[in-house]
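The following report describes the fold, the strand pairing, selected residues and a pocket of the model shown here. Please read it alongside the sequence and the coordinates.

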Amino acid sequence: MTTAEYADRAANEAADQKRADFDALVADLEAKRVPLDYEIQDFKECATEGERDEAMEEILDGLDATRTASWGGETDYAECYDVDAAKLAAVRAWQEVTEYVAHVFVYGSLKRGWGNWSWALKDDASFVGEATVDGLALYGVAWFPGAVYEDDGAARGEVFQVTAKTLDALDGLEGYRVETPEHSMYRREIVTARLDNGDLLAVQTYIWNGRRGVEDATRLPNDTWPAPEEEK
C-alpha cells in the first residue's frame, strides 16, 4: 500500500469517527429532550461554506437571545447556557462532518445513468473514473448486486468523490447503520480501487451483509453489473 493510500485510509477512518461522535452527541441530546431541530437542519441544508458561515452567525445570534429569555417571569441562566452550549457543540460537530470529502466505489444502480445515481449522485458528487476492486466479487442477490470478498474477484464499478451529506444519503439507501454495522444490509468498508488509468485509491464501498448470503445467488459474469441480459 502506498503512502497516499495510507493517508486516504487514515482520513476516511478519522472522518467516520467524527460522524459516529456526532451521531452519539445528537442521540444524547435528544434523550435529554434538548431541541436541535432548526439548528441542525439549517446546517444540513447548507450547500456551501458561505451558507454554513451565515447559518452559524444566525445560530449565535439566536443563542444570545435565548440567554436573555425568560419562562414564567424567571430566567434559568444555567439551563439556558447548558442547552445553548450543547446546541453549539452539535452544530460545530456537524460543520466538521460536512467539510469531509470521501471517495466511494459503486457497482450497482448508483453507477452513471441508473436510477439511484440520478437522485443520489448526479448533482451531489464528482465522478472520478471507472475502476476495479481486486478481491471483491459481485453476486446477483436480488435485482441488485452485492459485493463479497473473494480472492479471485475483480469487481467493476465507478468511483465518485462525495461529501459527508451525500455519504449519509448513501448509507440510508444501502441500509448501513454506523452504530450497528453487524445489523446492516450492507457494511461500508474501506478497500483499494484501481482506476483505469492505473492510479490506486483508498475508497469506501458497500459490502453485502444481508440475512440471505450468496450461497444461492449467481455470481455475475466478469464481476460486472448488470449482467449482459439485464442491460438497460
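## Strand pairing

Gly140 stands opposite Thr218 in β6, and this pair belongs to the contact between β2 and β6, which pair in the antiparallel sense over 2 bridges. Two strands are taken to pair if DSSP finds at least two bridges between them, while helices (H or I, at least four residues) and strands (E, at least two) are DSSP runs numbered from the N terminus. The model is a predicted one, in which local features need pLDDT of at least 70 and side-chain atom pairs count only at pLDDT 80 or more, whereas totals for chains, interfaces and linings use all residues. Residues are numbered from 1 along each chain as its sequence is written, and side-chain values use heavy atoms, with hydrogens and water left out.

Strand β2 takes part in further antiparallel pairings, which are set out below with those of β4.

| Strands | Sense | Bridges |
|---|---|---|
| β2 and β3 (residues 145–163) | antiparallel | 14 bridges |
| β2 (residues 125–140) and β4 (residues 186–195) | antiparallel | 2 bridges |
| β4 and β5 (residues 200–208) | antiparallel | 9 bridges |

Individual partners can be located within these pairings: Phe127 has Phe160 of β3 as its bridge partner, Thr132 is matched with Arg194 in β4, and Ala193 stands opposite Leu201 in β5. The strands β2 and β3 form a hairpin with 4 residues between them. The hairpin of β4 and β5 also has 4 residues between its strands, and there Gly198 takes a positive phi near 100°.

## The chain as a whole

The protein chain has 6 helices and 6 strands, and read along the sequence these follow the pattern α-α-α-α-β-α-β-β-α-β-β-β. Of its 232 residues, 42% count as buried, where buried means under 20% relative accessible area, exposed over 50%, and partly exposed in between (1.4 Å probe, protein chains only). The chain exposes about 12,500 Å², of which carbon and sulfur atoms supply 49%; accessible areas come from the Shrake-Rupley method with a 1.4 Å probe, and for residues only the protein chains shown count as cover. Among contacts (heavy atoms within 4.5 Å) between residues at least 6 apart in sequence, 69% join residues at least 24 apart.

## Two buried valines

Val133 is placed in strand β2 and is buried, with a relative accessible area of 1%. Not counting residues up to four places away in sequence, Val133 touches Phe105, Gly153, Ala154, Ala155, Val191, Thr192 and Ala193. The C-alpha atoms of Val133 and Gly157 are separated by 8.1 Å, although the two residues are 24 residues apart along the chain.

Val203, found in strand β5, is likewise buried, with a relative accessible area of 0%. When its neighbours within four places in sequence are left aside, Val203 is in contact with His103, Phe105, Val159, Glu189, Ile190, Val191 and Ala193. Val203 and Phe160, which are 43 residues apart in sequence, lie 9.1 Å apart in space, C-alpha to C-alpha.

## The segment after β6

The segment after β6 (218–219) holds Pro226, and the peptide bond from Trp225 to Pro226 is cis, with omega near 0°. Asn222 is also placed in the segment after β6 and has a positive phi of about 60° although it is not a glycine; Asn222 is exposed, with a relative accessible area of 67%. Asp223, found in that segment too, has a phi near 50°, a positive value in a residue other than glycine, but Asp223 counts as buried at 5% relative accessibility.

## The second largest pocket

About 230 Å³ of space lies in the second largest pocket. On a 1 Å grid over the protein atoms alone, a pocket is an open set of points where a 1.4 Å probe fits, with protein on both sides within 12 Å along at least five of seven lines, and lining residues have an atom within 4 Å of a point. Grid points are joined across faces, edges and corners, and the volume is the space filled by probe spheres set on the points.

The lining comprises 15 residues, of which Ser109, Asn116, Phe144, Glu174 and Tyr186 lie nearest the centre of the pocket. β1 (101–106) and α6 (164–174) each supply at least two residues of this lining. By residue class, the lining divides into 11 nonpolar, 3 polar and 1 charged, where Ala, Val, Leu, Ile, Met, Phe, Trp, Tyr, Cys and Pro count as nonpolar, Asp, Glu, Lys and Arg as charged, and the others, Gly among them, as polar.
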